[in-house]
Amino acid sequence: MSIEIANESGVEVDTDAVLAVARHALDEMGVNPLAELSVLLVDIDYMTELNHRWMGGEGPTDVLAFPMDEGSVDHGPGETAPSGGEPALLGDIVLCPEVAAKQAATAGHAPADELHLLTVHGVLHLLGYDHAEPEEEREMFALQARLLASWRSTRTQ
């Protein structure tokens with residue numbers, strides 16, 4: 001699995017942990033090991049611009065996911081790998097550590113924990129999960145919680 005990460009946010013982030021949680025989520029979801037993912041950490045100004053340009057939103061958001069090659073994504077163990085074993089380009093996850101830190105303070109946990117949650121959230125979006133409808137939200141958030149819990153349990157062993 002190839003995961004590229006770039007921290008252009010100006011905020012110090014444990015990028016190894018962000019990579020580890022992304023890799024864990026992809027592995028647990030049975031994604032083709034040849035898949036490629038990009039994670040970009042940006043500042044508030046750039047996230048505000050991206051949110052406005054691509055989502056029509058106002059102000060910064062915490063995470064954006066830009067799927068690339070949906071037709072070749074292996075969504076789980078029940079599906080076959082893309083034909084020919086070609087690497088699937090999953091897409092890009094864009095995180096804003098400053099927004100994550102504010103949300104973490106409100107939620108009462110560490111900024112790193114919020115970034116890990118947002119990373120898993122972004123991975124699930126790239127895999128086609130959404131939370132626009134109540135049933136979709138229940139499914140996606142339950143899966144997100146399960147993936148985070150299993151990742152945390154591997155870190156404490």
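In this briefing, Ala, Val, Leu, Ile, Met, Phe, Trp, Tyr, Cys and Pro count as nonpolar, Asp, Glu, Lys and Arg count as charged, and the others, Gly among them, count as polar. With that in hand, let's visit two places in this predicted model: the largest pocket, and the meeting of helices α1 and α4. Helix α4 takes part in both, as it touches α1 and also helps to line the pocket.

**The largest pocket**

- The space in the largest pocket comes to about 280 Å³.
- Its lining is made up of 14 residues. Look for Asp62, Val63, His121, His125 and His131, which lie nearest the centre of the pocket.
- Sorted by class, the lining has seven nonpolar residues, six polar ones and one charged one.
- At least two lining residues come from each of α2 (44-55), β3 (63-67), α4 and α5 (134-155).
- Helix α4 gives the most to this lining, with four residues.

**Where α1 meets α4**

- Now follow α1 (residues 15-28) to where its axis comes within 9 Å of the axis of α4 (residues 111-126), crossing at roughly 40°. That angle makes α1 oblique to α4.
- The crossing of α1 past α4 is right-handed.
- On the α1 side, the residues in contact are Ala17, Val18, Val21, Ala22, Ala25 and Leu26. Their partners in α4 are His116, Thr119, Val120 and Val123.
- By class, this contact between α1 and α4 holds eight nonpolar residues and two polar ones, with no charged residues.

Conventions:
Residues numbered from 1 in each chain as written. Predicted model: local features only at pLDDT ≥ 70, side-chain atom pairs only at ≥ 80, totals over all residues. Heavy atoms only, no water. Axes fitted to C-alpha atoms, helices over the stretch in contact; angles between N-to-C directions. Parallel < 35°, antiparallel > 145°, perpendicular 65-115°, else oblique. Left-handed = near helix turned anticlockwise from the far one by under 90°. Contact = heavy atoms within 4.5 Å. 1 Å grid on protein atoms, 1.4 Å probe; cavity = no way out; pocket = protein on both sides within 12 Å on 5 of 7 lines; lining within 4 Å. Points joined across faces, edges and corners; volume = space filled by probe spheres on them.
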